Amino acid sequence: MTMTFLSKAASIAAVGFSLIGAPVLAEGFPDRPLEFVAGYGPGGGHDTMLRTMARLMEQEDIVDVPINVVNKEGGSSAVAMGYLNARKGSPYHLMSITSSHIATPLTSNIGLNYADFTPIARIGIDPELLVVNASKGFESLEDLKAEGRMLNVGGTATGSIEHIVTMQLAEKTGMELNFIPFQGDGEVVTALLSNQIDFAITNPGPVSDYLSSDKFKALAISTEERVDSLPDVPTFVEQGADIKISLFRGLTAAPGISDEERDELIAMVTKLFETEAWQKEYIEPNAVVPLVVTGQDFADYLGETEAVYRETLGELGMINN
């Protein structure tokens with residue numbers, strides 16, 4: 001990955017928290033159950049985010065209808081994108097999105113892309129961690145390099161941010177790395193627990209409990225500087241690998257809904273993001289940097305991100321369309 005990509009990614013991540021003028025919830029919406037769609041399996045980052053959202057929306061009286069969370073895993077979110085696309089015109093379906101929402105359409109011919117849906121909000125960004133099973137005794141990137149063999153790396157999806165970080169790590173350090181894509185964060189955690197892989201590239205959420213219990217150890221983080229929530233984890237940069245990219249987390253709705261319906265969904269999730277419970281029970285435990293943008297600003301951000309991914313994945317020879 002070039003410095004051009006890194007500088008672009010940094011500028012994208014710098015978009016700030018902007019909720020001024022957010023719409024007010026329309027009376028009577030929602031008046032029937034909502035469905036939150038996770039493109040990966042139970043226990044992963046998408047699933048955790050949506051289930052926390054559903055629970056807190058009910059707890060904070062933001063909605064008074066049931067919220068059903070469904071997992072539509074497969075194809076690095078392609079299955080979920082197809083499922084949401086089939087709900088065209090319905091404001092009652094929301095899907096969690098991360099880098100795969102951009103990367104999967106670029107690397108696979110699924111007939112859909114991010115622009116086919118209705119962007120609602122970016123919640124924030126997640127740094128990427130390099131995590132090992134603590135039983136292996138690795139303490140630094142140098143320890144991994146000293147293995148002197150091909151190392152198997154777990155992450156979610158070919159062409160995902162985890163894949164990009166792995167490719168960059170190989171380029172920056174000269175390590176021989178074999179990236180193994182899994183269908184969700186939960187599968188990556190299981191593989192690392194059982195030592196089926198040598199290390200994982202992941203965001204903090206899925207591994208936070210294992211880091212706290214000392215079953216896993218984080219050797220590097222992809223931020224420019226150390227983060228307050230993980231002060232003992234050195235950056236890749238500190239260890240001589242210039243890797244500074246992060247994962248965005250957001251929400252998109254089905255295609256074909258009206259502007260008014262889009263604004264109602266924005267108002268609904270914005271109300272949640274402003275609660276103390278959301279900060280305490282999702283943002284802080286999962287080390288998410290809360291950089292919220294909504295509506296057209298989020299659509300613009302996705303367009304800029306797609307351009308960055310198109311350039312970078314093109315350099316890796318992974319663009320299929």
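**Exercise 1. Which helix holds glutamate 261, and what surrounds this residue?**

Solution. This is a predicted model, so treat each step as a reading of that model.

- Step 1: Look along residues 259-273, which form helix 9; glutamate 261 is found there.
- Step 2: Check how much of the side chain is covered. Glutamate 261 has a relative accessible area of 24%. Buried means under 20% and exposed means over 50%, so glutamate 261 is partly exposed.
- Step 3: Look for partners beyond four places in sequence. Glutamate 261 touches Gly89 and Pro91.
- Step 4: Compare chain distance with distance in space. Proline 30 lies 231 residues away from glutamate 261 along the chain, and their C-alpha atoms are separated by 10.0 Å.

**Exercise 2. Stay in helix 9 and work out whether leucine 272 is buried or exposed.**

Solution.

- Step 1: Find leucine 272 in helix 9.
- Step 2: Read its relative accessibility, which is 0%. Since the limit for buried is under 20%, leucine 272 counts as buried.
- Step 3: List what it meets, leaving aside neighbours within four places in sequence: Met53, Leu56, Met57, Ile62 and Trp278.
- Step 4: Take one distance as well. Leucine 272 and serine 90 are 182 residues apart along the chain, with 21 Å between their C-alpha atoms.

**Exercise 3. Describe the overall build of the protein.**

Solution.

- Step 1: Count the secondary structure: there are 11 helices and 11 strands.
- Step 2: Compare the radius of gyration with the globule rule. The value is 19 Å, close to the 20 Å that the rule gives for 321 residues, so the protein is as compact as a globular protein of that length.
- Step 3: Picture the box filled by the C-alpha atoms, roughly 60 × 40 × 35 Å along the principal axes.
- Step 4: Ask how much is covered: 56% of the 321 residues count as buried.
- Step 5: Turn to contacts with a separation of 6 or more. Residues 24 or more positions apart account for 79% of these.
- Step 6: Add the charges. There are 21 positive and 45 negative side chains, and the centres of the two sets lie 4 Å apart.

**Exercise 4. Explore the nonpolar interior.**

Solution.

- Step 1: Start with the largest nonpolar core, which has 48 residues; Leu130, Leu144, Leu169, Phe199 and Phe236 touch the most other members. Helix 11 (residues 295-315) gives the most to this core, with five residues.
- Step 2: Apart from this core lies another, of 35 residues, including Phe36, Ala121, Ala253 and Leu265.
- Step 3: Zoom in on leucine 169. Beyond four places in sequence, its contacts include Leu130, Met175, Phe199, Phe236 and Ile243.
- Step 4: Move to helix 3 (residues 78-85), where the buried residues are Ala78, Ala80, Met81, Tyr83 and Leu84. They pack against several elements, among them strand 1 (34-38), strand 3 (93-97) and helix 4 (100-107).

**Exercise 5. Examine the backbone at asparagine 195 and aspartate 214.**

Solution.

- Step 1: Recall that most residues other than glycine have a negative phi.
- Step 2: Asparagine 195 has a positive phi, near 60 degrees. Its place is in the loop between helix 7 (185-193) and strand 8 (199-202).
- Step 3: Aspartate 214 has a positive phi too, of about 65 degrees. This residue sits in the loop between helix 8 (204-212) and strand 9 (216-221).
- Step 4: Finish with exposure. Asparagine 195 is partly exposed at 33% relative accessible area, while aspartate 214, at 57%, is exposed.

How values were computed: Residues are numbered from 1 along each chain as its sequence is written. This is a predicted model: local features need pLDDT of at least 70, side-chain atom pairs count only at pLDDT 80 or more; totals for chains, interfaces and linings use all residues. Side-chain values use heavy atoms; hydrogens and water are left out. A nonpolar core is a set of buried Ala, Val, Leu, Ile, Met, Phe, Trp, Tyr and Cys residues joined through side-chain atoms within 4.5 Å. Buried means under 20% relative accessible area, exposed over 50%, partly exposed in between (1.4 Å probe, protein chains only). Helices (H or I, at least four residues) and strands (E, at least two) are DSSP runs, numbered from the N terminus. Contact means heavy atoms within 4.5 Å. The radius of gyration is taken over C-alpha atoms; the globule rule is 2.2 Å times the number of residues to the power 0.38. Lys and Arg count as positive and Asp and Glu as negative; His and the chain ends are not counted. The place of a charge is taken as NZ of Lys, CZ of Arg, CG of Asp or CD of Glu.
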